[in-house]
Amino acid sequence: MKYLLDIWRQRDKDTDGSFRTYLYETDSDTVTVASALSELNKRKELADIEGVVSGRIVWECSCMQKKCGACAMLINGKPRLACDARLSDNKSGRLRIEPLRKFPLVADLTVNRQIIFDDLRQMQVWSESDIFADDRNNTVMYEASRCLQCGCCLEVCPNFAVGEKFFGMSAMVPASRLLAGMTGSSFDRLRKQYGKVITDGCGKSLACRNICPAGIDIEGLMARSNAAVLWKWFSKRRSRHDNGNNT
Amino acid sequence: MRNDTASANDILNKRPDKIPAVNIIGAGLAGLSAALALARSGISCRLVSPMPSERAQSVMAEGGINAALDTMGENDTAAGHFNDTMNGGVYLADPDAVWALCSNAPETVRMLLALGAALSTENGRPVLRSFGGQKKKRTAYARSSTGKILMTALTDAVRRYEAEGLVQRYSHHRLHSLNIRNGECFGARVLDLHRRVLSDMKGSVILASGGMNGLFPGMTTGSVLNTGDAAALAFVSGAELANPEMIQYHPTTFPISGKRCLVSEAARGEGGRLFIMRNNARWYFMEEKYPELGNLMPRDVVSREIELVRNDKECSGQVCLDMTALDRAVWESRLSDLREECIRYLGRDPAAVPLEVSPGIHYFMGGINVDKAHRTSIARLYAAGECACQYHGANRLGGNSMLGAVFGGQTAAKTAASEIIPDNAGEEEIAGGEELEIMQPAGVPDKAAELLREALGIFRSGEKLESAVQKMQELIDNENDALQRNRMILGKAVLLGALNRKESRGAHTRTDYPERDDAHYRKTTIAVFDGKEIAVSFRDIQSERGEAE
């Protein structure tokens, strides 16, 4: 089968980019976009269908099997992992492959997703004290541990923009792990952060539904975390109110 | 718009009292564990990696982590763990180091549990499962994503110290070279892959850079990020390699495009059975040949047996792993990831049909030579995790790699902390430019890869190895690219290790020397590069625990 791959080429953020079309042939119907990019980069001379030769395609990959999130990119307009997208999924034989557009471009298909990790730090997603995934909260903490931090959910989110105050689901999911296990002052600290950068900013568009490459139950985690955070907030407020009435 | 957090953190990190004197290369389990140990001691470090921790090979680890927690009522002990590890490694590991690993394993796992690592539990206690080469249920796990779950817990824990400036992250940075003079390491030069600039980072260096996958492109189950380049740099800079020939072929893998996909040992731990067709009937060869442990013999044994039956004239077809009898609950609770991978990349549901499997390279027991405290042969250069040779001898047991990475990272950090030279700290940007290549091939050139693949299979012969050594030298002589040259020098050291070890032991099987030879080779293979030649020798190891104390 012959595939035409329209791949975004851009030397760096300061130069203009454009799609270049490459021919890729394979007999296998299990070849992924990640495999095709690897194969193209192995060619002694990487020429597009017009014969224009360029350097290797700059893209990120690590595990090649959907476990690390490195190869997130737009494939036919949808954020996906390149190692999870088979060429044969597209019956037209033509695929458009471009970088995620929400993040600053580094080169070609590579973007700088540092904001994801800066946000987690700013949100203070950690625990000062020991926490345990016991029988009661193990399932939730396991599920929330699986986030790849790939950025696909942020790419489709109408409320997320780099540098704005809503941090998106890639912050909500790891926070959910901690909220499920934490108590006391640690919980209160993260609860406040959660309210500020998650609850207040999510427009409930559900655009991130079914987009997570790891298949994480984002809605379920968010419902649970929102409930925990708000219930705690509500309980405290009520407690203060009651105490105030008593005195 | 809020303030740019990277800038804010940069300012925070440049506070004079937070200038790091330790550089960790690699942000997987070993690197994170080292960073956490240093930070908890109030010592600042840089954590350098080409991608964030979420992309490290450690997240791919599925099976579990071993510790004699004895939650299954089997009277398991650290001594049992020690004996199984030494036996599995065919007595090539340092017994003192292995005892430290095994005796500290319960505490290591408890440390991870206290970080909220969502290991599977029952009644509040970790559930343990069977893994190959072990006589007790000893492997704690988180369904089939143990590595990812441990990495998340450690990443969250380290983040707190990032905010305090004690751990300074350099994601999207790659090791360029090591500053080694007169047998001492003074720092690392790293390349910023986004800005294309080089920086000199002063201080000691802990290598936690993973295995040598780059020597075997397409043949390994691990990450393509783990090229082995850091080990190659250390080697050409004078650091000793140990047991480089000890390469673990995991018995159950299948090819996917560009690499191999692992079928975790957990599949056999849960009841998966290997068979091949012989005289038109299923032959469960492992169960017949090894009645006690059956399909759960150590990986080296299973891989050899698979090779043997595949070449048996009475057998036909490929070896298959039959998991069709496993309960639905097992698939859902413990092997869900594995099932999904098989369906996605192979187009087969292992719950419905047996899978064709064959051995693939999964782990490098050998690597940079380190002592019990994880010092390399270069002062103030340390190594931990898969890039180092420690704990696993001639064959690693399933469940011991994550344990070795976490414990090894902690140990390296403690040693590095005790040997810091305070004046050797700081950082200097030295050069930048368009010519700096940020996209590199993940593996050695095709011709070198073919030599290594042919000569370093499960069964090896002196004739093939000798020929490969000569041809590799020719390729090295004709290679102008420094990176590929270093990789091929490392590859030649692996070949020479295999050529000089004239016996069969663990993962190293010589057809011309089929017997184990303790008198001559119950020793550590040591390879050293002097800038021109590689010298290989064999160094004594103590036979019993505590002899060297």
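# Notebook: a predicted model with chains A and B

**Entry 1. The domains of chain A.** I began with the division of chain A, which consists of domain 1 (2-111) and domain 2 (114-246). I noted that I was working with a predicted model. I then looked up the separation of the two domains: taken over C-alpha atoms, the centres of domain 1 of chain A and domain 2 of chain A are 33 Å apart. Where they touch, domain 1 of chain A supplies eleven residues and domain 2 of chain A supplies 13 residues. On the domain 1 side of this contact, strand β6 (residues 78-81) of chain A gives the most, with three residues. I sorted that side of domain 1 of chain A by class and recorded six nonpolar residues, one polar residue and four charged residues.

**Entry 2. Chain A as a whole.** I recorded seven helices and nine strands in chain A. Its C-alpha atoms fill a box of roughly 85 × 40 × 30 Å along the principal axes. Chain A has 247 residues, of which 47% count as buried. I also looked up how far apart in sequence the contacting residues of chain A are. Among contacts between residues at least 6 apart in sequence, 68% join residues at least 24 apart.

**Entry 3. The hairpin that includes β6(A).** I returned to β6(A) to find its partner. Strand β5 (residues 72-75) of chain A runs antiparallel to β6(A), and four bridges join the two. Within this pair, A:Leu74 has A:Pro79 of β6(A) opposite it. β5(A) and β6(A) make a hairpin with two residues between them, and A:Asn76 in the turn has a positive phi of about 50°.

**Entry 4. One residue of strand β1 in chain A.** I chose A:Ile7, which belongs to strand β1 (residues 2-9) of chain A. Is A:Ile7 buried or exposed? I counted 25 other C-beta atoms within 10 Å of A:Ile7, so this residue is buried, the cut-off for burial being 20 or more. Outside its neighbours within four places in sequence, A:Ile7 is in contact with A:Phe19, A:Arg20, A:Tyr22, A:Ile57 and A:Ile97. I looked at one of these partners in detail: A:Phe19 is twelve residues from A:Ile7 in sequence, and their C-alpha atoms are 5.2 Å apart in space.

**Entry 5. Where chain A meets chain B.** How many residues of chain A are in contact with chain B? I found 48 residues of chain A in contact with 45 residues of chain B. On the chain A side, the elements giving two or more residues are α1 (33-42), α2 (114-122), α3 (138-145) and α5 (169-181) of chain A. Of these, α2(A) gives the most, with six residues. By class, the chain A side comprises 20 nonpolar, 17 polar and eleven charged residues.

**Entry 6. The largest nonpolar core.** I next examined the largest nonpolar core, which has 247 residues. The residues with the most contacts inside this core are A:Ala82, B:Ala34, B:Ala35, B:Ile206, B:Leu207 and B:Ile368. Helix α2 (residues 29-40) of chain B gives the most to the core, with nine residues. Why does the core lie between domain 1 (2-111) and domain 2 (114-246) of chain A? Both domains give residues to it, so it lies between them. I then followed B:Ile368. Leaving aside neighbours within four places in sequence, its contacts include B:Leu207, B:Ala231, B:Ala234 and B:Leu241.

**Entry 7. A sheet of five strands in chain B.** I traced an open sheet with mixed pairing, whose five strands come in the order β23-β21-β13-β27-β28 (chain B). At its edges stand β23 (388-389) and β28 (534-540) of chain B; each has a single partner strand, so one side of each has no neighbour in the sheet. Helix α7 (residues 229-236) of chain B packs on this sheet, touching β13 (241-242), β21 (367-369) and β27 of chain B. The direction of α7(B) makes about 40° with that of β21(B). Strand β27 (residues 523-529) of chain B pairs with β28(B) in the antiparallel sense over seven bridges. In this pair, B:Ile526 stands opposite B:Ser537 in β28(B).

**Entry 8. A parallel pair in chain B.** I closed with strand β1 (residues 22-25) of chain B, which runs parallel to β2(B) and is joined to it by four bridges. B:Asn23 has B:Arg46 in β2(B) as its bridge partner. Which way do the residues of strand β2 (residues 45-48) of chain B point? B:Cys45 and B:Leu47 point one way, B:Arg46 and B:Val48 point the other way, and all are buried.

Methods. Residues are numbered from 1 along each chain as its sequence is written. Chains are lettered from A and ligands numbered from 1 in the order in which they are written. This is a predicted model: local features need pLDDT of at least 70, side-chain atom pairs count only at pLDDT 80 or more; totals for chains, interfaces and linings use all residues. Domain bounds come from an automatic or database domain assignment. Two residues are in contact if their C-beta atoms, placed from the backbone, lie within 7 Å. Ala, Val, Leu, Ile, Met, Phe, Trp, Tyr, Cys and Pro count as nonpolar, Asp, Glu, Lys and Arg as charged, and the others, Gly among them, as polar. A residue is buried if 20 or more other C-beta atoms lie within 10 Å of its own, exposed if 12 or fewer, and partly exposed in between; C-beta atoms are placed from the backbone. A nonpolar core is a set of buried Ala, Val, Leu, Ile, Met, Phe, Trp, Tyr and Cys residues joined through C-beta atoms within 7 Å. Two strands pair if DSSP finds at least two bridges between them. Axes are lines fitted to C-alpha atoms, for helices over the stretch in contact, and angles run from 0 to 180 degrees between N-to-C directions.
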